[in-house]
Amino acid sequence: MFFPRRATQVEYFDSPDRTHSELVEGYASLNRVNQWFIFADPFQRSLPRLLGEEQCRELSILDLGAGDGLLGRTLERWASNRGWKWKFTNLDVNPGALALNPGARNVVGSALALPFDDRSFDVVIGSQMTHHFSDEEVVIHLREAWRVARLAICLTDLQRSALLYLVVRMMFLLARFPGHFQQDGLLSVKRGFRMDELQRFAEAAKISSPQVFSYYGMRLILQAKKV
Ligand SMILES: C[S@@+](CC[C@H](N)C(=O)[O-])C[C@H]1O[C@@H](n2cnc3c(N)ncnc32)[C@H](O)[C@@H]1O
(Lines give C-alpha, C1' and ligand atoms only; values in the text may rest on other atoms or scores of the structure.)
Protein backbone atom coordinates (compact mmCIF):
# COMPACT_ATOMS: atom_id res chain seq x y z
CA MET A 1 0.00 0.00 0.00
CA PHE A 2 1.24 3.52 -0.84
CA PHE A 3 2.53 5.12 2.40
CA PRO A 4 0.29 3.34 4.90
CA ARG A 5 0.96 6.05 7.53
CA ARG A 6 1.24 9.83 7.29
CA ALA A 7 4.81 11.15 7.04
CA THR A 8 5.96 13.09 10.09
CA GLN A 9 8.87 15.02 8.51
CA VAL A 10 8.35 18.79 8.69
CA GLU A 11 8.07 20.83 5.48
CA TYR A 12 10.62 23.55 4.71
CA PHE A 13 7.57 25.77 4.02
CA ASP A 14 7.02 25.89 7.82
CA SER A 15 10.64 26.65 8.65
CA PRO A 16 11.33 29.87 10.58
CA ASP A 17 14.66 30.05 8.70
CA ARG A 18 13.04 30.85 5.36
CA THR A 19 14.18 34.15 3.91
CA HIS A 20 11.69 36.74 2.68
CA SER A 21 12.51 35.98 -0.95
CA GLU A 22 12.00 32.23 -0.34
CA LEU A 23 8.63 33.03 1.23
CA VAL A 24 7.57 35.15 -1.75
CA GLU A 25 8.81 32.49 -4.18
CA GLY A 26 7.04 29.75 -2.16
CA TYR A 27 3.61 31.41 -2.34
CA ALA A 28 4.09 32.32 -6.01
CA SER A 29 4.85 28.65 -6.78
CA LEU A 30 1.91 27.50 -4.67
CA ASN A 31 -0.40 29.89 -6.52
CA ARG A 32 0.70 28.52 -9.90
CA VAL A 33 -0.07 24.97 -8.76
CA ASN A 34 -3.33 26.03 -7.11
CA GLN A 35 -4.53 27.64 -10.31
CA TRP A 36 -3.64 24.58 -12.39
CA PHE A 37 -5.48 22.36 -9.89
CA ILE A 38 -8.47 24.79 -9.68
CA PHE A 39 -8.22 24.80 -5.88
CA ALA A 40 -11.29 27.02 -5.41
CA ASP A 41 -13.56 24.63 -7.29
CA PRO A 42 -14.31 22.23 -4.38
CA PHE A 43 -15.59 25.20 -2.33
CA GLN A 44 -17.64 26.56 -5.24
CA ARG A 45 -19.32 23.18 -5.57
CA SER A 46 -19.66 22.27 -1.89
CA LEU A 47 -20.81 25.45 -0.18
CA PRO A 48 -23.96 26.14 -2.25
CA ARG A 49 -24.88 22.44 -2.00
CA LEU A 50 -24.28 22.35 1.75
CA LEU A 51 -25.96 25.64 2.67
CA GLY A 52 -28.43 26.22 -0.14
CA GLU A 53 -28.22 29.16 -2.58
CA GLU A 54 -30.37 31.42 -0.39
CA GLN A 55 -28.00 31.18 2.58
CA CYS A 56 -25.02 31.78 0.26
CA ARG A 57 -26.19 35.32 -0.55
CA GLU A 58 -24.22 36.82 2.32
CA LEU A 59 -21.56 34.98 4.31
CA SER A 60 -18.73 35.79 6.65
CA ILE A 61 -15.97 33.27 6.02
CA LEU A 62 -12.80 32.51 7.96
CA ASP A 63 -9.99 31.01 5.86
CA LEU A 64 -7.55 29.04 8.03
CA GLY A 65 -3.91 28.96 6.91
CA ALA A 66 -4.86 31.50 4.26
CA GLY A 67 -1.27 32.32 3.29
CA ASP A 68 -1.33 35.21 0.81
CA GLY A 69 -5.15 35.05 0.56
CA LEU A 70 -5.51 33.88 -3.04
CA LEU A 71 -8.38 31.53 -2.14
CA GLY A 72 -10.42 34.27 -0.45
CA ARG A 73 -9.86 36.69 -3.34
CA THR A 74 -10.85 34.03 -5.88
CA LEU A 75 -13.99 32.99 -4.01
CA GLU A 76 -15.01 36.58 -3.23
CA ARG A 77 -14.86 37.40 -6.97
CA TRP A 78 -16.70 34.20 -7.90
CA ALA A 79 -19.47 34.89 -5.37
CA SER A 80 -19.69 38.54 -6.44
CA ASN A 81 -20.28 37.42 -10.06
CA ARG A 82 -23.36 35.63 -8.72
CA GLY A 83 -24.52 38.69 -6.83
CA TRP A 84 -23.45 37.18 -3.49
CA LYS A 85 -21.43 38.94 -0.82
CA TRP A 86 -18.77 36.74 0.77
CA LYS A 87 -16.61 38.54 3.31
CA PHE A 88 -13.31 36.85 4.13
CA THR A 89 -11.05 36.95 7.17
CA ASN A 90 -7.63 35.41 6.55
CA LEU A 91 -5.87 33.71 9.43
CA ASP A 92 -2.30 32.49 9.23
CA VAL A 93 0.44 31.81 11.74
CA ASN A 94 2.97 33.46 9.42
CA PRO A 95 2.73 37.29 9.44
CA GLY A 96 5.02 37.43 6.37
CA ALA A 97 2.45 35.47 4.34
CA LEU A 98 -0.42 37.75 5.36
CA ALA A 99 1.71 40.82 4.56
CA LEU A 100 1.64 39.67 0.91
CA ASN A 101 -2.08 40.53 0.98
CA PRO A 102 -2.22 44.12 2.29
CA GLY A 103 -5.60 45.73 2.84
CA ALA A 104 -7.36 42.42 3.51
CA ARG A 105 -8.87 41.39 6.86
CA ASN A 106 -5.79 39.55 8.14
CA VAL A 107 -5.33 37.95 11.54
CA VAL A 108 -2.06 36.47 12.74
CA GLY A 109 -2.83 33.42 14.86
CA SER A 110 -2.76 29.66 15.09
CA ALA A 111 -5.46 27.37 13.77
CA LEU A 112 -4.80 25.34 16.93
CA ALA A 113 -6.03 28.13 19.25
CA LEU A 114 -8.27 30.45 17.27
CA PRO A 115 -8.49 33.98 18.72
CA PHE A 116 -12.28 34.13 18.15
CA ASP A 117 -15.43 33.45 20.16
CA ASP A 118 -17.64 30.45 19.45
CA ARG A 119 -19.74 30.84 16.26
CA SER A 120 -17.89 33.99 15.13
CA PHE A 121 -18.09 33.21 11.38
CA ASP A 122 -20.85 31.76 9.20
CA VAL A 123 -18.40 29.38 7.55
CA VAL A 124 -14.86 28.23 8.29
CA ILE A 125 -12.76 26.98 5.39
CA GLY A 126 -9.18 25.85 4.88
CA SER A 127 -7.19 24.63 1.92
CA GLN A 128 -4.09 22.44 2.16
CA MET A 129 -3.27 23.44 5.68
CA THR A 130 -4.54 20.52 7.77
CA HIS A 131 -1.72 18.26 6.55
CA HIS A 132 0.79 20.59 8.22
CA PHE A 133 -0.33 19.18 11.59
CA SER A 134 0.47 15.99 13.48
CA ASP A 135 -2.42 13.55 14.04
CA GLU A 136 -3.05 14.93 17.55
CA GLU A 137 -2.97 18.52 16.30
CA VAL A 138 -5.37 17.72 13.44
CA VAL A 139 -8.07 16.87 16.01
CA ILE A 140 -7.45 20.14 17.91
CA HIS A 141 -7.50 22.13 14.65
CA LEU A 142 -10.80 20.54 13.52
CA ARG A 143 -12.36 21.11 16.95
CA GLU A 144 -11.34 24.78 16.79
CA ALA A 145 -12.69 25.21 13.23
CA TRP A 146 -16.02 23.68 14.28
CA ARG A 147 -16.19 25.83 17.44
CA VAL A 148 -15.93 29.18 15.65
CA ALA A 149 -18.30 28.21 12.79
CA ARG A 150 -21.96 29.25 12.99
CA LEU A 151 -23.27 27.34 9.96
CA ALA A 152 -20.66 25.02 8.50
CA ILE A 153 -17.07 24.06 7.89
CA CYS A 154 -15.49 23.02 4.59
CA LEU A 155 -11.85 21.99 4.52
CA THR A 156 -9.90 20.55 1.63
CA ASP A 157 -6.56 18.80 1.72
CA LEU A 158 -4.36 16.38 -0.13
CA GLN A 159 -5.39 12.77 -0.49
CA ARG A 160 -2.47 10.44 0.28
CA SER A 161 -2.79 8.52 -2.95
CA ALA A 162 -0.29 7.04 -5.40
CA LEU A 163 -2.19 8.88 -8.14
CA LEU A 164 -1.56 12.31 -6.63
CA TYR A 165 2.09 11.46 -5.93
CA LEU A 166 2.53 10.49 -9.58
CA VAL A 167 0.77 13.61 -10.84
CA VAL A 168 2.94 15.87 -8.63
CA ARG A 169 6.12 14.09 -9.79
CA MET A 170 5.10 14.51 -13.43
CA MET A 171 4.34 18.19 -12.84
CA PHE A 172 7.84 18.73 -11.40
CA LEU A 173 9.39 16.93 -14.38
CA LEU A 174 7.50 19.09 -16.87
CA ALA A 175 7.56 22.51 -15.18
CA ARG A 176 10.26 24.43 -13.34
CA PHE A 177 9.84 24.93 -9.59
CA PRO A 178 12.35 25.77 -6.82
CA GLY A 179 14.05 22.72 -5.23
CA HIS A 180 12.56 23.26 -1.74
CA PHE A 181 9.10 23.61 -3.24
CA GLN A 182 9.45 20.30 -5.09
CA GLN A 183 10.61 18.49 -1.94
CA ASP A 184 7.75 19.99 0.07
CA GLY A 185 5.24 19.16 -2.67
CA LEU A 186 6.08 15.45 -2.60
CA LEU A 187 6.31 15.45 1.20
CA SER A 188 2.88 17.14 1.41
CA VAL A 189 1.30 14.22 -0.42
CA LYS A 190 2.89 11.83 2.10
CA ARG A 191 1.56 14.01 4.93
CA GLY A 192 -1.93 13.99 3.37
CA PHE A 193 -4.87 11.83 4.42
CA ARG A 194 -6.88 8.84 3.47
CA MET A 195 -10.64 9.20 3.60
CA ASP A 196 -11.17 6.99 6.64
CA GLU A 197 -8.40 8.78 8.58
CA LEU A 198 -9.90 12.21 8.05
CA GLN A 199 -13.34 10.87 8.94
CA ARG A 200 -11.94 9.45 12.21
CA PHE A 201 -10.18 12.74 13.04
CA ALA A 202 -13.42 14.67 12.45
CA GLU A 203 -15.34 12.30 14.69
CA ALA A 204 -12.65 12.59 17.39
CA ALA A 205 -13.05 16.40 17.14
CA LYS A 206 -16.79 15.90 17.92
CA ILE A 207 -17.91 17.40 14.61
CA SER A 208 -21.50 16.32 14.00
CA SER A 209 -22.20 14.22 10.89
CA PRO A 210 -18.89 14.96 9.11
CA GLN A 211 -18.76 13.98 5.44
CA VAL A 212 -15.51 13.23 3.62
CA PHE A 213 -15.42 13.08 -0.17
CA SER A 214 -12.63 12.36 -2.60
CA TYR A 215 -12.15 14.98 -5.30
CA TYR A 216 -10.79 13.12 -8.35
CA GLY A 217 -8.72 10.80 -6.14
CA MET A 218 -6.30 13.61 -5.36
CA ARG A 219 -7.95 15.80 -2.74
CA LEU A 220 -10.30 15.27 0.13
CA ILE A 221 -13.17 17.54 1.10
CA LEU A 222 -14.32 17.46 4.71
CA GLN A 223 -17.62 19.25 5.23
CA ALA A 224 -20.14 19.45 8.03
CA LYS A 225 -23.17 21.59 8.76
CA LYS A 226 -24.43 22.73 12.14
CA VAL A 227 -28.11 22.14 12.83
C1 LIG B 1 0.45 24.89 2.00
S2 LIG B 1 0.04 26.46 2.64
C3 LIG B 1 -1.63 26.65 2.05
C4 LIG B 1 -1.97 28.09 1.80
C5 LIG B 1 -3.36 28.29 1.17
N6 LIG B 1 -4.40 27.89 2.09
C7 LIG B 1 -3.47 27.52 -0.13
O8 LIG B 1 -4.36 26.68 -0.27
O9 LIG B 1 -2.65 27.79 -1.01
C10 LIG B 1 -0.24 26.16 4.37
C11 LIG B 1 -0.47 27.42 5.15
O12 LIG B 1 -0.79 27.08 6.51
C13 LIG B 1 -0.12 28.01 7.34
N14 LIG B 1 -0.02 27.41 8.69
C15 LIG B 1 0.82 26.44 9.11
N16 LIG B 1 0.61 26.18 10.41
C17 LIG B 1 -0.40 27.00 10.82
C18 LIG B 1 -1.07 27.21 12.05
N19 LIG B 1 -0.74 26.53 13.16
N20 LIG B 1 -2.05 28.13 12.10
C21 LIG B 1 -2.38 28.86 11.00
N22 LIG B 1 -1.77 28.72 9.82
C23 LIG B 1 -0.79 27.79 9.72
C24 LIG B 1 1.20 28.26 6.66
O25 LIG B 1 1.81 29.46 7.11
C26 LIG B 1 0.76 28.32 5.21
O27 LIG B 1 0.39 29.62 4.81
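Helices and strands are taken here as DSSP runs, with at least four residues for a helix and at least two for a strand, and they are numbered from the N terminus. Under that scheme, Ile153 lies in strand β5. The model is a predicted one, and the description below starts from the whole chain before turning to single elements and residues.

The protein chain contains eight helices and seven strands. Its radius of gyration is 17 Å, close to the 17 Å that the globule rule gives for 227 residues, so the chain is as compact as a globular protein of that length. Measured out along the principal axes, the box filled by the C-alpha atoms is roughly 45 × 40 × 30 Å. Of the 227 residues, 38% are buried. Among contacts with a separation of 6 or more, 74% link residues 24 or more positions apart.

The ligand comes next. Its shell consists of 21 residues, and the closest are Gly65, Gly67, Val93, Ala111 and Ser127. Helix α1, residues 20–36, and strand β2, residues 85–92, each supply at least two residues of this shell. Sorted by class, the shell has 11 nonpolar, eight polar and two charged residues.

One helix pair can be described in some detail. Two packed helices are described by the angle between their axes and the distance between the axes. For helix α6 (residues 162–174) and helix α7 (residues 179–191), the axes come within 9 Å and cross at roughly 170 degrees. Angles over 145 degrees count as roughly antiparallel, and α6 and α7 are therefore roughly antiparallel to each other. On the α6 side, the contact is made by Leu164, Tyr165, Val168, Arg169 and Phe172; on the α7 side, by Gln182, Gly185, Leu186 and Val189. These contact residues divide into six nonpolar, two polar and one charged.

Leu164 also takes part in the surroundings of Gln159, a residue in the loop between β5 (149–158) and α6. Which residues does Gln159 contact, leaving aside its neighbours within four places in sequence? They are Leu164, Gly192, Phe193, Ser214, Gly217, Met218, Arg219 and Leu220. The cut-off for a buried residue is 20 or more other C-beta atoms within 10 Å; Gln159 has 22 and is therefore buried. The C-alpha atoms of Gln159 and Ser21 are separated by 29 Å, with their positions 138 residues apart along the chain.

Ile153, in strand β5, is likewise a buried residue, because it has 27 C-beta neighbours inside 10 Å. Not counting residues up to four places away in sequence, Ile153 touches Val124, Ala145, Trp146, Gln223 and Ala224. Val168, one of the α6 residues that meet α7, is 15 residues from Ile153 in sequence, and the two are 27 Å apart in space, C-alpha to C-alpha.

Phe37 is placed in the loop between α1 and α2 (41–51). With 18 C-beta neighbours inside 10 Å, Phe37 counts as partly exposed. Met218, one of the residues in contact with Gln159, is 181 residues from Phe37 along the chain, yet their C-alpha atoms are separated by 9.9 Å.

Two further loop residues are notable for their backbone angles. Most residues other than glycine have a negative phi. Arg119 is not a glycine, but has a positive phi of about 55 degrees. Arg119 sits in the loop between β3 (106–108) and β4 (121–127), and it counts as exposed because it has 12 C-beta neighbours inside 10 Å. Tyr216 also has a positive phi of about 55 degrees although it is not a glycine. The loop that holds Tyr216 runs between β6 (211–215) and β7 (219–225). Is Tyr216 buried, exposed or partly exposed? With 13 C-beta neighbours inside 10 Å, Tyr216 counts as partly exposed.

The loop before β6 offers a last example. Ser209 is found between α8 (195–204) and β6. A residue counts as exposed if 12 or fewer other C-beta atoms lie within 10 Å of its own; Ser209 has 11 such neighbours, so it is exposed. Ser209 and His141 are 68 residues apart along the chain, and their C-alpha atoms are separated by 17 Å.

Technical notes. Residues numbered from 1 in each chain as written. Predicted model: local features only at pLDDT ≥ 70, side-chain atom pairs only at ≥ 80, totals over all residues. Near = placed C-beta within 6 Å. Nonpolar A, V, L, I, M, F, W, Y, C, P; charged D, E, K, R; others polar. Axes fitted to C-alpha atoms, helices over the stretch in contact; angles between N-to-C directions. Parallel < 35°, antiparallel > 145°, perpendicular 65-115°, else oblique. Contact = placed C-beta atoms within 7 Å. Rg over C-alpha atoms; globule rule 2.2 N^0.38 Å.
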